[in-house]
Amino acid sequence: MDRYYYEYTVDIDAFKDEIESFLMDRFYNGIEESDGKLILRSEKSLDDIMDELRTYVDSLIKLFDTEIHLKITKEKKENIDWIEKYKKSITPVEVGEFYIHPSWYEPKEGKTNIKIDPALAFGSGHHETTRGCLNAIQKYVQPGMELLDVGCGSGILSIAAAKKGAVVDICDTDALALEESQKNFSLNGVEFREGWVGSAANAKKKYDIVIANIVADVLIMIAKDLQETTKEGGILILSGIIEKYRNKVKNRFDFSILEELQEGEWITMILRNDRGTDGK
Ligand SMILES: C[S@@+](CC[C@H](N)C(=O)[O-])C[C@H]1O[C@@H](n2cnc3c(N)ncnc32)[C@H](O)[C@@H]1O
């Protein structure tokens with residue numbers, strides 16, 4: 001642990017969801033929201049991400065011909081405080097049958113417990129999109145089903161599915177996510193069958209359930225791969241979709257919608273592959 005860390009506060013007066021989504025796609029260590037501002041903490045400099053953010057906001061200003069005020073502040077702080085403060089802020093999350101807790105909390109009786117400590121990969125159960133997926137897993141995953149977790153992050157979703165008796169494969173474009181998932185599977189006493197650095201395009205088979213909690217733009221980009229890895233009659237769970245991009249995402253998929261779950265601005269879409277075998 002370094003002695004100091006950087007705290008970046010991002011204050012923006014428009015396009016808040018897009019900015020959060022943009023940052024989430026680049027920074028997986030938890031983004032705190034406080035007084036409408038986004039706070040990112042890291043021992044390493046995030047100046048590159050902030051430069052990218054400024055460029056992104058400039059392009060939004062040009063694209064929408066509008067005014068956007070972006071203020072980024074950077075502070076250097078003593079680490080000790082933050083670790084303790086952060087630990088205290090990480091409390092257990094209950095989503096239906098699942099109880100997600102850090103190791104310094106006891107598991108809860110009568111629940112499917114998932115132990116996840118805050119680390120570098122996204123997926124502590126505190127984000128709306130992860131919770132939407134967990135609700136879908138509770139409803140649709142049956143023992144023996146084969147499931148692919150695309151963008152596994154911490155592995156939280158496939159750990160939940162494995163605890164429900166599914167056979168799970170995992171992938172993520174970030175190698176670190178695979179490492180974190182491996183650790184978290186061991187911590188939870190469950191196993192995945194195959195894991196790879198990459199995406200749905202690298203899958204060698206089709207699955208009963210494919211789940212992808214990734215930002216809307218990426219879901220759109222990999223829509224074909226996600227559909228092709230879902231068995232006929234199988235389920236595709238998509239999350240990470242801000243309400244205003246719902247149609248943009250939906251239009252790229254030709255599966256039928258079974259249901260949509262919404263928490264705040266975030267939508268989790270549950271689709272079924274109703275295509276005939278020659279429909280591909
Ligand atoms: C929002 S996190 C989701 C983590 C976890 N599954 C959850 O639900 O909490 C998205 C993850 O997708 C990964 N990712 C981004 N683009 C991807 C792609 N094209 N294919 C696979 N994974 C991708 C990121 O590295 C990140 O770990």
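This passage walks through the overall shape of the chain, one of its sheets, two loop residues and the ligand shell.

The structure is a predicted model, so a cut-off applies throughout: local features need pLDDT of at least 70, side-chain atom pairs count only at pLDDT 80 or more, and totals for chains, interfaces and linings use all residues. Residues are numbered from 1 along each chain as its sequence is written.

The chain holds 9 helices and 14 strands (DSSP runs numbered from the N terminus, with H or I over at least four residues for helices and E over at least two for strands). Its radius of gyration comes to 19 Å, close to the 19 Å that the globule rule gives for 280 residues, so the chain is as compact as a globular protein of that length. Here the radius is taken over C-alpha atoms, and the rule is 2.2 Å times the number of residues to the power 0.38. Along the principal axes, the C-alpha trace spans about 55 × 50 × 30 Å. Some 38% of the 280 residues count as buried, that is, they have 20 or more other C-beta atoms within 10 Å of their own, against 12 or fewer for exposed residues and values in between for partly exposed ones, with C-beta atoms placed from the backbone. As for contacts (C-beta atoms, placed from the backbone, within 7 Å), 64% of those between residues at least 6 apart in sequence join residues at least 24 apart.

One open sheet has 4 strands in the order 2-3-1-4, with antiparallel pairing; two strands pair if DSSP finds at least two bridges between them. Strand 2 and strand 4 stand at the edges with a single partner strand each, so one side of each is left without a neighbour in the sheet. From one strand to the next, the twist averages 25° (axes are lines fitted to C-alpha atoms, for helices over the stretch in contact, and angles run from 0 to 180 degrees between N-to-C directions). Strand 1 (residues 4–12) is joined to strand 4 (residues 70–78) by 9 bridges, and Ile-12 has Leu-70 as its bridge partner there. Strand 1 also pairs with strand 3 (residues 37–42), over 5 bridges. On that side, Tyr-6 is partnered by Ser-42, while Thr-9 stands opposite Ile-39. Helix 1 lies across strand 1 and strand 3, running at about 10° to strand 3.

Two loop residues stand out for their backbone angles. Most residues other than glycine have a negative phi. Phe-15, in the loop between strand 1 and helix 1 (16–24), has a positive phi near 55°. Phe-15 is partly exposed, with 18 other C-beta atoms within 10 Å. Asp-35 sits in the loop between strand 2 (32–34) and strand 3, with phi near 50°. Asp-35 counts as exposed, having 7 C-beta neighbours inside 10 Å.

The ligand is surrounded by 24 residues, the closest being Gly-123, Gly-151, Gly-153, Ser-199 and Asn-213 (near means a C-beta atom, placed from the backbone, within 6 Å of the molecule or strand). Helix 4 (128–140), helix 5 (156–163) and strand 9 (167–172) are the elements giving two or more residues to this shell. By type, the shell divides into 14 nonpolar, 8 polar and 2 charged residues. In this scheme Ala, Val, Leu, Ile, Met, Phe, Trp, Tyr, Cys and Pro count as nonpolar, Asp, Glu, Lys and Arg as charged, and the others, Gly among them, as polar.

Technical notes: Two residues are in contact if their C-beta atoms, placed from the backbone, lie within 7 Å.
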